[in-house]
Amino acid sequence: REAAYERGVLNGLKFLKVKGGPGEPNKENEPMDSYFLQTLREICGHMCEMDGVIGSTDPMALYGGLLLRLCRSTSEKDALEEITPWLARDELIVLPLKRRHHTFAGKVGETKLAQPIDVELFVEAGDVHAKVTMTHEFGLFRKSDLLSRGVNEHRLSEWSKLLSKEKPLSSNQHKLLHDAAFTNMRPWVFLDVDVIERINFGSG
């Protein structure tokens, strides 16, 4: 469901309108299917039928594999796990600036949209390949600045326990992202991080 709110670029074609966004409300229990995902699913079907594709590639398996790579919260957490050991030392902490995927679906229109996900699909040596690029915006903050603005100290210490691939974000970590004292605070340094994943669906 998270991917349904994403804007995307598919092989250079931009999909910048989000279904269920401002002016286009989505019914509470209605399945979400963005224009970007609709087109992606159709392209997966066409690619599997191409003469150059070797073997039997299942279009829905291809589509499902791509959906797994379009989860922004998972990609963001991977990025945080990589850059935190390099940048977050003693007095410094890395926090995400765009918290769109941490909000409820009905509030998507009320937050700043993240950068579109860039997806490239192509056939090479008889196999379907994909390259998924997702941009994340982080901030490098001084802990003393956060504490002086009233950010909860316990939540701040909990955030430092993020670096575990097996554990999801805790309730205290989520609360920190919604802390009013943090929401409007500028970081000491702005960080743009690209997570790039290359997939060969022919090799599993």
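**Phenylalanine 15 and its partner**

I looked up phenylalanine 15 and found it buried, at 14% relative accessibility. The model is predicted, and I read every entry below with that in mind. Phenylalanine 36 is also buried, with a relative accessible area of 1%. I then asked how many aromatic pairs there are. The count is 1 aromatic pair. Phenylalanine 15 and phenylalanine 36 form it, with 5.9 Å centre to centre and 45 degrees between the planes, and it is classed as tilted. Phenylalanine 15 belongs to strand S2 (residues 13-15) and phenylalanine 36 to helix H1 (residues 35-48), so the pair ties together parts that are 21 residues apart in sequence.

**Overall layout**

I listed the secondary structure next. The chain has 7 helices and 6 strands. Along the sequence I noted the pattern β-β-α-α-α-β-β-β-α-α-α-α-β. The chain has 204 residues, and 42% of them are buried. I also checked the contacts with a separation of 6 or more, and 72% of these join residues 24 or more positions apart.

**Confidence**

I went through the pLDDT values before going further. The average over the chain is 78, and 76% of the residues score at least 70. Residues 25-32 stay under 50, and the model gives them 11 contacts beyond four places in sequence. Residues 100-109 are also below 50, and in the model this stretch has 24 contacts beyond near neighbours in sequence. I marked residues 25-32 and residues 100-109 in my copy as low in pLDDT.

**Nonpolar cores**

I looked for the residues at the centre of the packing. In soluble globular proteins, nonpolar side chains tend to be buried together. The largest nonpolar core here has 23 residues, of which Leu37, Leu40, Leu70, Val119 and Leu121 touch the most other members. Which elements give two or more residues to this core? They are H1, helix H2 (59-68), strand S4 (117-124) and strand S5 (127-142). H1 gives the most, with 6 residues.

I picked leucine 40 for a closer look. Leaving aside neighbours within four places in sequence, I found leucine 40 in contact with Leu10, Tyr63, Leu66, Leu70, Val119 and Leu121. I also noted a second, separate core of 22 residues, with Ala79, Leu92, Phe182 and Val193 among them.

**Tyrosine 63 and arginine 41**

I came back to tyrosine 63, which is one of the contacts of leucine 40. The charged end of arginine 41 sits over the ring of tyrosine 63, and I noted 5.6 Å from the ring centre.

**Cysteines**

I asked how many disulfides the structure holds. The number is 0. Cysteine 44 is in no disulfide, and the nearest cysteine sulfur, that of cysteine 48, is 6.6 Å away. Cysteine 48 is likewise in no disulfide, with the sulfur of cysteine 44 as the nearest, at 6.6 Å. A disulfide needs the two sulfur atoms within 2.5 Å, so I did not enter this pair as one. I checked accessibility for both residues. Cysteine 44 is buried, at 0% relative accessibility. Cysteine 48 is buried too, at 13%.

**Positive phi outside glycine**

I searched for residues other than glycine with a positive phi and wrote down two entries. For asparagine 11, phi is near 50 degrees. Asparagine 11 is placed in the loop between strand S1 (8-10) and S2. I found asparagine 11 partly exposed, at 46% relative accessibility.

Alanine 125 has a positive phi of about 55 degrees and is not a glycine. Where does alanine 125 lie? It lies in the loop between S4 and S5. S4 and S5 are both among the elements that give two or more residues to the largest core. Alanine 125 is itself exposed, at 70% relative accessibility.

**Histidine 174**

My last entry is on histidine 174, which is found in helix H6 (residues 171-177). Buried or exposed, or in between? Histidine 174 is partly exposed, with a relative accessible area of 31%. I also looked up its separation from tryptophan 159, which is 15 residues away along the chain. The C-alpha atoms of histidine 174 and tryptophan 159 are separated by 9.0 Å.

Terms used. Residues numbered from 1 in each chain as written. Predicted model: local features only at pLDDT ≥ 70, side-chain atom pairs only at ≥ 80, totals over all residues. Heavy atoms only, no water. Phe/Tyr/Trp six-rings, centres within 6.5 Å; stacked < 30°, edge-to-face > 60°. Helix = DSSP H or I, 4+ residues; strand = E, 2+ residues; numbered from the N terminus. Buried < 20%, exposed > 50% of the residue type's maximum accessible area, 1.4 Å probe, protein only. Lys NZ or Arg CZ within 6 Å of the ring centre and 35° of its normal. pLDDT = per-residue confidence, 0-100. Contact = heavy atoms within 4.5 Å. Core = buried A, V, L, I, M, F, W, Y, C linked by side-chain atoms within 4.5 Å.
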